[in-house]
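Let's read a structure together, one feature at a time. Have the sequence and the 3D view open as we talk.

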Amino acid sequence: FSGISLKALDNARQAMKPLGPIRQLGFVVRDLDQAIRAWTDVGIGPFYVAESPEKSDQLYFGEPTDSRVRGAWSYAGPMQIELLQLMNDGPSLLRDFALRHGEGLQHKAYWVEMFDDVLEQLQEQDYIVGQTGSPLGEHSRFAYVFQPNRPESVIEISEYRGTKRALYEAIEGHAQNWDGRDPIRTSSPLA
(Lines give C-alpha, C1' and ligand atoms only; values in the text may rest on other atoms or scores of the structure.)
Protein backbone atom coordinates (compact mmCIF):
# COMPACT_ATOMS: atom_id res chain seq x y z
CA PHE A 1 0.00 0.00 0.00
CA SER A 2 2.87 2.38 -0.55
CA GLY A 3 1.60 5.93 -0.74
CA ILE A 4 -2.07 5.26 0.09
CA SER A 5 -3.64 4.98 3.52
CA LEU A 6 -6.23 2.36 4.38
CA LYS A 7 -8.77 5.16 4.90
CA ALA A 8 -8.07 6.56 1.43
CA LEU A 9 -8.36 3.06 -0.03
CA ASP A 10 -11.72 2.54 1.69
CA ASN A 11 -12.95 5.95 0.46
CA ALA A 12 -11.96 5.07 -3.11
CA ARG A 13 -13.79 1.72 -2.89
CA GLN A 14 -16.92 3.42 -1.55
CA ALA A 15 -16.83 6.01 -4.34
CA MET A 16 -16.63 3.33 -7.04
CA LYS A 17 -19.20 0.91 -5.54
CA PRO A 18 -22.28 2.49 -7.23
CA LEU A 19 -20.54 2.29 -10.60
CA GLY A 20 -20.54 -1.48 -10.79
CA PRO A 21 -17.69 -3.43 -12.37
CA ILE A 22 -14.97 -1.99 -14.56
CA ARG A 23 -16.17 -2.70 -18.12
CA GLN A 24 -13.36 -1.33 -20.28
CA LEU A 25 -9.59 -0.92 -20.28
CA GLY A 26 -8.48 2.00 -22.45
CA PHE A 27 -4.96 2.00 -23.89
CA VAL A 28 -3.11 4.82 -25.64
CA VAL A 29 -1.06 3.34 -28.49
CA ARG A 30 1.44 4.80 -30.97
CA ASP A 31 0.53 2.47 -33.84
CA LEU A 32 -3.06 1.20 -33.84
CA ASP A 33 -2.51 -1.55 -36.42
CA GLN A 34 0.48 -2.91 -34.51
CA ALA A 35 -1.45 -2.82 -31.23
CA ILE A 36 -4.39 -4.67 -32.81
CA ARG A 37 -1.98 -7.35 -34.08
CA ALA A 38 -0.58 -7.80 -30.57
CA TRP A 39 -4.08 -8.53 -29.25
CA THR A 40 -5.27 -10.66 -32.16
CA ASP A 41 -2.06 -12.72 -31.98
CA VAL A 42 -3.26 -13.95 -28.56
CA GLY A 43 -6.81 -14.62 -29.74
CA ILE A 44 -8.55 -11.36 -28.83
CA GLY A 45 -10.64 -9.90 -31.65
CA PRO A 46 -12.02 -8.87 -34.01
CA PHE A 47 -11.41 -5.16 -33.57
CA TYR A 48 -13.81 -2.56 -34.94
CA VAL A 49 -11.91 0.54 -36.06
CA ALA A 50 -13.21 4.09 -36.43
CA GLU A 51 -11.92 7.66 -36.41
CA SER A 52 -13.41 10.43 -34.35
CA PRO A 53 -15.19 13.13 -36.37
CA GLU A 54 -13.43 16.29 -37.53
CA LYS A 55 -15.80 18.38 -35.39
CA SER A 56 -17.00 17.32 -31.99
CA ASP A 57 -18.41 18.60 -28.74
CA GLN A 58 -15.37 17.53 -26.70
CA LEU A 59 -14.22 19.70 -23.83
CA TYR A 60 -10.80 19.56 -22.17
CA PHE A 61 -11.04 21.05 -18.67
CA GLY A 62 -14.16 22.89 -19.85
CA GLU A 63 -12.63 24.36 -23.02
CA PRO A 64 -13.41 23.15 -26.57
CA THR A 65 -10.76 20.91 -28.11
CA ASP A 66 -10.22 19.55 -31.59
CA SER A 67 -8.61 16.35 -30.27
CA ARG A 68 -9.04 13.41 -32.65
CA VAL A 69 -8.27 9.72 -32.32
CA ARG A 70 -8.37 6.56 -34.35
CA GLY A 71 -9.79 3.86 -32.11
CA ALA A 72 -10.41 0.12 -32.05
CA TRP A 73 -12.71 -1.93 -29.83
CA SER A 74 -13.00 -5.62 -29.00
CA TYR A 75 -13.50 -7.87 -25.97
CA ALA A 76 -11.41 -10.19 -23.83
CA GLY A 77 -14.22 -12.17 -22.18
CA PRO A 78 -16.56 -9.58 -20.62
CA MET A 79 -13.88 -6.84 -20.61
CA GLN A 80 -13.88 -4.36 -23.48
CA ILE A 81 -10.45 -3.48 -24.84
CA GLU A 82 -10.20 0.03 -26.30
CA LEU A 83 -7.09 1.05 -28.26
CA LEU A 84 -6.66 4.77 -29.04
CA GLN A 85 -4.11 6.36 -31.36
CA LEU A 86 -3.85 10.17 -31.39
CA MET A 87 -4.55 11.74 -34.79
CA ASN A 88 -3.50 15.29 -33.92
CA ASP A 89 -2.05 17.46 -31.15
CA GLY A 90 -5.42 18.69 -29.85
CA PRO A 91 -5.44 18.99 -26.06
CA SER A 92 -6.75 15.85 -24.31
CA LEU A 93 -6.05 13.62 -21.35
CA LEU A 94 -4.97 10.99 -23.89
CA ARG A 95 -2.36 13.39 -25.28
CA ASP A 96 -1.23 14.29 -21.75
CA PHE A 97 -0.73 10.60 -21.04
CA ALA A 98 1.13 10.01 -24.33
CA LEU A 99 3.51 12.91 -23.64
CA ARG A 100 4.37 11.52 -20.19
CA HIS A 101 4.31 7.77 -20.84
CA GLY A 102 4.28 7.10 -24.56
CA GLU A 103 1.70 4.34 -24.54
CA GLY A 104 -0.06 2.06 -22.09
CA LEU A 105 -3.18 1.74 -19.95
CA GLN A 106 -4.64 5.26 -19.72
CA HIS A 107 -8.05 4.65 -18.15
CA LYS A 108 -10.54 2.22 -16.70
CA ALA A 109 -14.19 2.71 -17.70
CA TYR A 110 -17.46 2.20 -15.91
CA TRP A 111 -20.68 2.11 -17.92
CA VAL A 112 -23.64 3.88 -16.40
CA GLU A 113 -27.20 4.62 -17.40
CA MET A 114 -27.71 7.60 -15.06
CA PHE A 115 -24.76 9.59 -16.41
CA ASP A 116 -25.62 13.00 -14.90
CA ASP A 117 -26.27 11.56 -11.44
CA VAL A 118 -23.05 9.54 -11.39
CA LEU A 119 -20.93 12.43 -12.63
CA GLU A 120 -22.45 14.73 -10.02
CA GLN A 121 -21.74 12.16 -7.29
CA LEU A 122 -18.10 11.91 -8.34
CA GLN A 123 -17.71 15.69 -8.43
CA GLU A 124 -19.18 15.86 -4.92
CA GLN A 125 -16.39 13.46 -3.91
CA ASP A 126 -13.83 15.93 -5.34
CA TYR A 127 -13.17 14.15 -8.63
CA ILE A 128 -12.01 16.55 -11.34
CA VAL A 129 -13.59 16.40 -14.79
CA GLY A 130 -10.73 16.52 -17.28
CA GLN A 131 -12.48 15.75 -20.55
CA THR A 132 -16.02 15.21 -21.82
CA GLY A 133 -17.81 14.56 -25.08
CA SER A 134 -20.54 12.59 -26.84
CA PRO A 135 -18.94 10.98 -29.90
CA LEU A 136 -22.06 9.18 -31.11
CA GLY A 137 -24.59 11.88 -30.28
CA GLU A 138 -27.49 11.26 -27.93
CA HIS A 139 -26.85 8.76 -25.09
CA SER A 140 -23.13 8.43 -25.79
CA ARG A 141 -21.59 10.87 -23.33
CA PHE A 142 -18.32 10.18 -21.60
CA ALA A 143 -16.28 11.93 -18.95
CA TYR A 144 -12.69 11.31 -17.93
CA VAL A 145 -12.37 12.08 -14.22
CA PHE A 146 -9.61 11.79 -11.65
CA GLN A 147 -8.82 12.63 -8.04
CA PRO A 148 -6.62 15.70 -7.51
CA ASN A 149 -4.04 13.68 -5.54
CA ARG A 150 -4.00 10.90 -8.18
CA PRO A 151 -4.11 12.58 -11.61
CA GLU A 152 -2.63 9.50 -13.30
CA SER A 153 -5.57 7.34 -12.18
CA VAL A 154 -8.11 8.30 -14.84
CA ILE A 155 -11.60 6.84 -14.75
CA GLU A 156 -14.00 7.05 -17.65
CA ILE A 157 -17.70 7.31 -16.95
CA SER A 158 -19.46 6.19 -20.11
CA GLU A 159 -23.17 6.58 -20.77
CA TYR A 160 -24.38 3.09 -21.68
CA ARG A 161 -27.60 3.68 -23.57
CA GLY A 162 -28.95 3.96 -27.10
CA THR A 163 -26.59 3.55 -30.03
CA LYS A 164 -23.49 3.11 -27.86
CA ARG A 165 -25.06 0.25 -25.95
CA ALA A 166 -26.18 -1.44 -29.18
CA LEU A 167 -22.69 -1.07 -30.69
CA TYR A 168 -20.91 -2.42 -27.63
CA GLU A 169 -23.29 -5.38 -27.34
CA ALA A 170 -22.81 -6.21 -31.03
CA ILE A 171 -19.00 -6.00 -30.73
CA GLU A 172 -19.10 -8.26 -27.68
CA GLY A 173 -21.21 -10.82 -29.54
CA HIS A 174 -18.84 -10.80 -32.50
CA ALA A 175 -15.84 -11.24 -30.18
CA GLN A 176 -17.44 -14.20 -28.40
CA ASN A 177 -17.97 -15.95 -31.72
CA TRP A 178 -14.81 -14.83 -33.52
CA ASP A 179 -13.20 -17.48 -35.71
CA GLY A 180 -9.94 -15.60 -36.36
CA ARG A 181 -10.98 -14.17 -39.73
CA ASP A 182 -11.10 -10.45 -40.54
CA PRO A 183 -9.31 -9.22 -37.39
CA ILE A 184 -9.69 -5.54 -38.38
CA ARG A 185 -13.15 -4.37 -39.34
CA THR A 186 -14.18 -0.90 -40.47
CA SER A 187 -17.86 -1.64 -41.09
CA SER A 188 -20.47 -1.15 -38.39
CA PRO A 189 -20.81 -4.10 -36.02
CA LEU A 190 -24.57 -3.54 -36.32
CA ALA A 191 -24.57 -4.38 -40.06
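**Reading the fold**

The protein has five helices and 11 strands, where helices (H or I, at least four residues) and strands (E, at least two) are DSSP runs numbered from the N terminus. Its radius of gyration is 16 Å, close to the 16 Å that the globule rule gives for 191 residues, so the protein is as compact as a globular protein of that length. That radius is taken over C-alpha atoms, and the globule rule is 2.2 Å times the number of residues to the power 0.38.

This is a predicted model, in which local features need pLDDT of at least 70, side-chain atom pairs count only at pLDDT 80 or more, and totals for chains, interfaces and linings use all residues. Residues are numbered from 1 along each chain as its sequence is written, and side-chain values use heavy atoms, with hydrogens and water left out.

Q: What share of the 191 residues is buried?

A: Buried means under 20% relative accessible area, exposed over 50%, and partly exposed in between (1.4 Å probe, protein chains only). Here buried residues make up 43% of the 191.

Q: How do I read the sheet, and in what order do its strands come?

A: Strands of a sheet pair through backbone hydrogen bonds, either parallel or antiparallel. Two strands pair if DSSP finds at least two bridges between them. In this protein, 11 strands form an open sheet with mixed pairing, in the order E4-E3-E8-E9-E10-E7-E1-E6-E5-E2-E11. The edge strands, E4 (63-64) and E11 (184-185), each pair on one side only.

Q: Which way does E1 run relative to E6 and E7, parallel or antiparallel?

A: With E6, E1 pairs in the parallel sense over five bridges, and Leu25 has Ile81 of E6 as its bridge partner. With E7, the pairing of E1 is antiparallel, again over five bridges; Gln24 stands opposite Ala109 in E7. Four of the five residues of E1 are buried, so E1 is largely enclosed by the rest of the structure.

Q: What joins E7 to E10?

A: Six bridges join E7 (residues 104-112) to E10 (residues 150-159), and the two strands run parallel. One pair to look at is Lys108 with its bridge partner in E10, Ile155.

Q: Is Gln106 in E7 buried or exposed, and what is it in contact with?

A: Gln106 lies in strand E7 and is buried, with a relative accessible area of 4%. Contact means heavy atoms within 4.5 Å. Leaving aside neighbours within four places in sequence, the contacts of Gln106 include Gly26, Phe27 and Val28, as well as Leu93, Leu94 and Phe97.

Q: Which residues of helix H3 are buried?

A: An α-helix has 3.6 residues a turn, so residues three or four places apart point the same way. In H3 (residues 93-101), the buried residues are Leu93, Leu94, Asp96 and Phe97. They cover an arc of only 160 degrees around the axis, which puts them on the same side of H3; the arc is that of the directions from the helix axis to the C-beta atoms.

Q: What do I find at the two ends of H3?

A: Ser92 caps the N-terminal end of H3, with a side-chain oxygen 3.3 Å from the backbone nitrogen of Leu94. H3 is followed by Gly102, whose phi is positive, near 85 degrees.

Q: Where is Ser134 found?

A: Ser134 is found in the loop between E8 (128-133) and E9 (142-147). At 17% relative accessibility, Ser134 counts as buried.

How values were computed. Polar contact = N/O pair within 3.5 Å; in protein donor to acceptor, adjacent residues only side chain to side chain.
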